[in-house]
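I am keeping these notes as I go through a structure that is new to me, one place at a time. The sequence and the structure come before the entries.

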Amino acid sequence: MKMNKKLVALLMVLTLVLTSVFVAIPYSAAETESKETGASYNLAAKVQDGTILHAFCCSFNNIKNRLPDIANAGFSAIQTSPVQQPKDFGGWNDINQWWKLYQPISFTVAQNDSWLGSKSDLTSLCNEAHKYGIKIICDIVANHTANDGSNGGVDWNLSRYESNLYNGKDRYFHPYVDCNDGSIRNVVWGNIGEPDLNTSDSYVQGRVTSLLKECVDCGVDGFRFDAAKHIETPDDGEYASNFWTNVLGNASSYAKSKKSKELYYYGEILNTVGNGRSYKSYSKFMSVTDNVTSDKTTASIKDNRASSVANTNYNSGLEGKYLVLWGESHDTYMGDSGTGGYRNTSNISQNVIDKGYCFAASRKGASALYFLRPNGGMGDFNSSTYKSSQISAINKFHNKFVGAEEKLYSSNSLAVCERYTSTGAGMVIVNCSGDSTSVNSLDTYHMANGSYKDAVSGNTFTVSNGKISGSIGSSGVAVVYNENSVVTPTSADTTSQVTPTNPPVQPTTTAPTPSKGLDFSNPLTVYLYNSANWNNPYLYSWSDNNGDDTSWPGREMTKYTTVNGVDVYSFTVKSREFSHIIFSNKGTPQTRDLEIQSGHVYWDNQKDNWEDASNLVIPNSTPTTAPTTAPITVPTTAPTTAKPTTVEKTYLYGDVDFDNAVTIIDATTIQKSLAQLVTLKGKANIAGDVDGNCTIDIIDATYIQKKLASMITKFPAGEKYYY
């Protein structure tokens with residue numbers, strides 16, 4: 001997720017000022033090997049098995065010029081910044097404009113007005129990268145578009161490239177909802193500073209799919225989805241949609257048929273996946289980020305806590321083969337979304353960051369992302385840290401030990417990851433307390449007796465009777481193994497990301513014609529096209545003023561006919577008083593809150609959308625009255641998705657004592673919780689997290705003080721939350 005650059009700058013300044021006052025008391029679709037294997041560089045054949053260079057804000061041409069060095073450094077993939085048309089491109093290249101790339105105004109590859117280059121430049125990069133066996137991953141922003149400077153308002157420039165989205169804002173964007181992890185609704189409908197797209201809508205899904213296909217035509221091999229956490233999954237109950245199934249399914253099918261390749265996907269999930277949700281809802285489609293584990297590893301290295309670095313548990317609860325890890329990310333370097341005690345990593349030395357990356361890249365199954373710290377302006381590629389001896393060594397170690405088992409442990413200031421199979425072993429040793437140091441009789445569990453080379457420094461390590469000794473060089477990292485040894489995985493890892501398949505999601509543009517068979521003489525009769533194969537379709541109807549027609553989940557629908565093997569159900573709502581409806585499979589799954597539509601439309605529960613009924617040709621059926629040709633109408637007000645039987649209560653952010661006011665006592669209570677004098681539980685944890693980063697710390701207390709002093713008018717997390 002991205003923050004407005006001005007806000008980032010303001011927070012940095014205010015934090016410096018206020019710290020002197022307050023004292024703190026913490027899918028992939030199954031990948032296949034490309035035709036160009038990169039064998040001469042020993043690169044991993046699959047992105048998840050290798051490491052990724054995040055060429056942050058670098059132009060396609062500048063990346064292309066460095067491909068030999070990138071391949072030599074052992075990176076199997078390169079991630080570009082978002083390829084869509086960025087907000088407010090003006091030609092100047094101040095790196096502080098990076099956030100504009102994460103506020104797109106198109107769902108097409110930018111042609112000229114971008115710091116990254118043109119579509120032809122992207123194609124040229126892909127073609128050249130494949131000669132080295134390197135795959136190209138493009139960052140995609142599908143959760144939101146550019147804002148107009150307000151919280152949630154749509155930038156008018158969107159109309160230049162996506163006029164349908166801009167002119168249909170009531171349909172294609174969610175109404176403003178504060179973003180936090182307290183409920184599914186607040187996660188997947190929440191506004192993170194930019195207008196939140198209605199990703200359940202078939203037209204929105206079609207635009208994202210079109211962008212992915214355009215990238216595939218350029219030769220792109222995979223995608224990173226920004227703010228993936230905030231796009232709903234099929235498991236999200238009343239807020240669920242088929243976005244990932246449709247978009248990834250269609251993109252994967254297209255890549256398979258056009259390029260004979262299978263795409264790689266991973267999604268950004270920060271801090272937690274949200275209350276009532278599971279990482280597994282995403283890992284069935286893609287790999288995901290585990291930023292908490294990554295950030296804590298780097299923070300623990302900086303604070304010399306080797307035992308914490310060698311913790312085998314992942315915060316996400318997933319296995320490594322579903323994860324992307326890092327030493328730092330663009331959000332922690334350019335912004336302040338870091339966890340583990342360091343919200344911003346720009347003041348942490350590159351050496352410490354590289355140690356964090358090396359340990360992340362030593363792990364079994366996980367892919368590791370190396371963030372290229374900017375050194376220059378937008379489009380520039382001036383940094384060379386990616387090809388340092390320790391980064392090159394760990395990448396090659398990572399590629400060699402694909403599929404090998406791991407054992408993590410620590411000794412004093414040394415954190416160790418040992419990788420092993422029945423045919424060979426190696427180990428990565430990170431010195432958390434400094435740089436050069438001697439290793440004397442450190443335990444090893446799988447290294448055979450003999451001499452080994454440290455691939456970083458060239459120093460010799462010796463193993464004898466389960467003990468290893470040697471000297472770690474100036475980087476503070478040793479990568480110890482025999483480079484020429486053969487390492488055969490104990491068993492092949494056949495895990496792959498699911499390739500979803502579904503009918504195309506592009507909305508029809510054909511003009512409506514009279515339908516055959518469905519009776520639209522009663523405007524209160526609604527039809528459900530049961531393409532999702534629900535076994536017990538129900539319809540619930542109600543209104544804000546008159547309550548509900550009957551208790552949830554409503555009344556059972558009647559089978560009306562069958563079209564192309566799909567059953568069509570009907571129901572006539574009791575009266576016009578009950579204009580709000582929800583279709584469900586006797587309660588779950590269910591649609592969002594809908595309004596009865598006028599005209600010749602039916603609800604398709606697979607596409608999750610109202611569809612033109614003229615496409616349903618029903619034999620041997622005659623309508624009782626001549627149908628009209630009224631087009632589909634869009635509700636004049638955006639639907640809500642609150643389950644009618646559940647009344648959500650709102651609370652004030654900052655009000656941790658629940659006296660319906662935010663006062664100095666609330667700030668003091670947060671400080672007391674940090675000093676472990678009191679404990680914040682339940683919704684108090686949500687109330688205290690006023691900056692919305694899922695961690696309560698001194699910054700939250702500072703925000704409350706600033707609001708009371710009228711230095712700010714609103715918390716970053718918003719004003720209220722639901723619980």
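Over the ring of which residue does the charged end of Lys169 sit? Before answering I note for myself that the model I am reading is predicted. I looked up the lysine and found its charged end over the ring of Tyr166, at 3.8 Å from the ring centre. I then turned to a second case of this kind, where the charged end of Lys707 sits over the ring of Phe715, 5.5 Å from its centre.

Lys707 led me to helix 19, which spans residues 698-708. I checked how covered this helix is, and eight of its 11 residues turn out to be buried. Among them I wrote down Ile698, Ile699, Ala701, Tyr703 and Ile704, and I also noted that Asp700 and Lys706 belong to the buried set. At the start of the helix, I found a side-chain oxygen of Asp697 reaching to within 3.1 Å of the backbone nitrogen of Ile699. Just after the helix, I came to Ser710, which takes a positive phi of about 60°.

Next I looked up the aromatic rings, and the count of pairs comes to 26. I picked out Phe397 and Phe401, whose ring centres are 4.6 Å apart, and because their planes stand at 35° the pair counts as tilted. Phe397 has 0% relative accessibility and therefore counts as buried, and Phe401, also at 0%, counts as buried too. Phe401 forms a further aromatic pair with Tyr481, which I recorded as edge-to-face, with 5.9 Å from centre to centre and 75° between the planes. This pair links distant parts of the chain, since Phe401 lies in the loop between helix 16 (389-400) and strand 11 (405-411), while Tyr481 lies in strand 18 (residues 477-481), 80 residues apart. Tyr481 is buried, as Phe401 is. Elsewhere I noted one aromatic cluster, formed by Phe223, Phe225, Phe243, Trp244, Tyr265 and Tyr282.

I went on to the strands, beginning with strand 10, which covers residues 367-371 and has five of its five residues buried. I asked myself which residues lie on each of its faces. Ser367, Leu369 and Phe371 are on one side, Ala368 and Tyr370 are on the other, and all are buried, so that both faces are covered. Strand 1 (residues 51-54) runs parallel to strand 10 and is joined to it by four bridges, with Ile52 standing opposite Leu369. Strand 9 (residues 323-326) also pairs with strand 10 in the parallel sense, over three bridges, and here Trp326 is the residue that stands opposite Leu369.

My last entry concerns an open sheet of five strands, which I read in the order 23-24-19-27-28 and in which the pairing is mixed. Strand 23 (558-563) and strand 28 (609-612) stand at the edges, and because each has a single partner strand, one side of each is left without a neighbour in the sheet. Neighbouring strands of this sheet are turned by 35° against each other on average, with direction ignored. Within the sheet I followed one pairing, that of strand 19 (residues 525-529) with strand 24 (residues 566-572), which is antiparallel and runs over five bridges. Tyr529 stands opposite Val568 of strand 24.

Definitions and conventions: Residues are numbered from 1 along each chain as its sequence is written. This is a predicted model: local features need pLDDT of at least 70, side-chain atom pairs count only at pLDDT 80 or more; totals for chains, interfaces and linings use all residues. Side-chain values use heavy atoms; hydrogens and water are left out. Two strands pair if DSSP finds at least two bridges between them. Helices (H or I, at least four residues) and strands (E, at least two) are DSSP runs, numbered from the N terminus. Axes are lines fitted to C-alpha atoms, for helices over the stretch in contact, and angles run from 0 to 180 degrees between N-to-C directions. Rings of Phe, Tyr and Trp (its six-membered ring) pair if their centres lie within 6.5 Å; planes under 30 degrees apart count as stacked, over 60 as edge-to-face and the rest as tilted. Buried means under 20% relative accessible area, exposed over 50%, partly exposed in between (1.4 Å probe, protein chains only). A charge sits over a ring if NZ of Lys or CZ of Arg is within 6 Å of the ring centre and within 35 degrees of the ring normal. A polar contact is a pair of N or O atoms within 3.5 Å; within protein, one must be able to donate a hydrogen and the other to accept it, and residues adjacent in sequence count only if both atoms are side-chain atoms.
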